[in-house]
Amino acid sequence: MLVTWTDTCQSLFAFNRSNFIFKMQTNSPAMKTLLRFGLVADLQYANIDNAYNWNKTKKRYYRSAIDLLGKAMKDWKQNDAKFILQLGDLVDGFCKRTEEPIDCLNRILDIFDQEQWPVLNVVGNHELYNFEKDSLYKSRLFKNLPSSNKAYYTLSPYQGLTVCVLNTYEISVLGELEGTATYDVAQSFLAERNPNKDKNDPSGLESVDRRFVRFNGAVSKEQLEWLSKELILATKQKENVIVVGHNPIYLPATDSACLCWNYSEILDILSENSVVCYISGHDHDGGYSVDQSGIHHITMPGAIEHPDSYAVGNLLEDSLIIQGRGDMFDVNCPLRFKLKC
């Protein structure tokens, strides 16, 4: 059973993602910062010139990912960050068209390796435009995981805090060889729900059904069972939990076309446990809302279209404060269980 939060935290809040940047007071002078970490989403690095997105509404800064990450690294270092949350789409799908994708990936991973921080990498759709799943899971991106791991895992960076990393593309047509059983299952699932010839097109689909597009995916039954066990254990041990994945899972915090295919199953598991927040990328506009279980849903603006945007996470005794840079907003998430200094 979850501990009681204040009335403020129980209230629902959402903002218009495209027209409003949410900023809040995050100063807590009486509270000691116990841990700091960095956050960034959708860098989508490629060694190509800047260009507009598919509907010609926003410019994308492909090479700038190198400079942005360098800037963020200096900031994280000055703040004594202990680990980094890299929320997926580290490289862009264009990499495969211009060079060997592994060279593109290694070039930006070299920047992360300048420091000895653990980097919690997340599978995004753009990684799977470049690599088959099996090769991606065994790549340098997930070098610290067992070769059998399917890119979902946990980290306990501080006593009283657990981070659960999800792979929201474990079930997806992306990264699968056509004609294989795994591809056919995902393709059939998508074809039954999206009648459009172009499966990246949500035209004609209503509300949350717009999520049934090719650039999204789902977590498997096995991953859901793993997540449930991890969260039940964390709750019993009075651990606060941050859950991260590339796809958002709560509609008020994102465009419906960006939701994970089986988002509701994930939400059900999260709502029964000691989850403080769910942090994602994928929707480049970003978004924020608090659900009825008091979980803060944070969708970070994509650095590919917001080139100065990243964040610093600050863990205090009674709250997690995320301080945004650029177009990234600030969020104050009260903890479920107070931490010891």
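Me: As I understand it, a cavity is a set of grid points where a 1.4 Å probe fits but cannot get out, and a lining residue has an atom within 4 Å of such a point. With that in hand, which residues line the largest cavity?

Reply: Keep in mind that this is a predicted model. The largest cavity is lined by Leu 43, Tyr 61, Ser 64, Ala 65, Leu 68, Ala 303, Ile 304 and Pro 307. By class, that lining splits into 7 nonpolar residues, 1 polar and no charged. The space inside comes to about 40 Å³, and the structure holds 1 cavity of 30 Å³ or more.

Me: OK, now the open sites. How much space lies in the largest pocket, and which residues are closest to its centre?

Reply: A pocket, unlike a cavity, is an open set of points. The largest pocket here holds about 1,100 Å³ of space. Its lining has 35 residues, and Asn 53, Trp 54, Arg 60, Phe 215 and His 284 are the closest to the centre.

Me: What is the lining of the largest pocket by class? And which element gives the most to it?

Reply: Count 15 charged residues, 10 polar and 10 nonpolar. As for elements, helix H3 (95-98) and helix H5 (125-130) each supply at least two lining residues. H5 gives the most, with 3 residues.

Me: What about the second largest pocket: what volume does it have, and which residues lie nearest its centre?

Reply: Its volume is about 370 Å³. Of its 19 lining residues, Pro 118, Val 119, Asn 121, Lys 143 and Asn 144 lie nearest the centre. Helix H4 (101-112), strand E5 (119-121) and strand E6 are the elements that give two or more residues to this lining. The class split for the second largest pocket is 11 nonpolar, 4 polar and 4 charged.

Me: E6 turns up there, so on to sheets. What order do the strands of the open sheet have?

Reply: To read a sheet, walk across it from one edge to the other. Here, the 6 strands come in the order E6-E7-E8-E9-E11-E10, and the pairing is mixed. Strand E6 (153-158) and strand E10 (287-290) are the edges, each pairing on one side only. From one strand to the next, the twist averages 15 degrees.

Me: Which way do E7 and E8 run, and how many bridges join them?

Reply: Strand E7 (residues 161-165) and strand E8 (residues 240-244) run parallel, joined by 5 bridges. To find the register on screen, start at Leu 161, whose bridge partner in E8 is Asn 240.

Me: And which strands does helix H8 lie across?

Reply: Helix H8 (residues 221-236) lies across E6, E7, E8 and strand E9 (275-280). Relative to E7, H8 runs at about 175 degrees.

Me: One last strand: why is E1 largely enclosed by the rest of the structure?

Reply: Burial here means under 20% relative accessible area. Strand E1 (residues 35-40) has 5 of its 6 residues buried, so E1 is largely enclosed by the rest of the structure.

Me: Which strands does E1 pair with, and in what sense?

Reply: E1 pairs with strand E12 (residues 310-315) and with strand E4 (residues 84-86). The E12 pairing is antiparallel, with 5 bridges, and Phe 37 has Gly 313 as its bridge partner there. The E4 pairing is parallel, over 3 bridges, and Leu 39 has Leu 85 as its bridge partner.

Technical notes. Residues numbered from 1 in each chain as written. Predicted model: local features only at pLDDT ≥ 70, side-chain atom pairs only at ≥ 80, totals over all residues. Heavy atoms only, no water. Pairing = 2+ DSSP bridges. Helix = DSSP H or I, 4+ residues; strand = E, 2+ residues; numbered from the N terminus. Axes fitted to C-alpha atoms, helices over the stretch in contact; angles between N-to-C directions. Contact = heavy atoms within 4.5 Å. 1 Å grid on protein atoms, 1.4 Å probe; cavity = no way out; pocket = protein on both sides within 12 Å on 5 of 7 lines; lining within 4 Å. Points joined across faces, edges and corners; volume = space filled by probe spheres on them. Nonpolar A, V, L, I, M, F, W, Y, C, P; charged D, E, K, R; others polar. Buried < 20%, exposed > 50% of the residue type's maximum accessible area, 1.4 Å probe, protein only.
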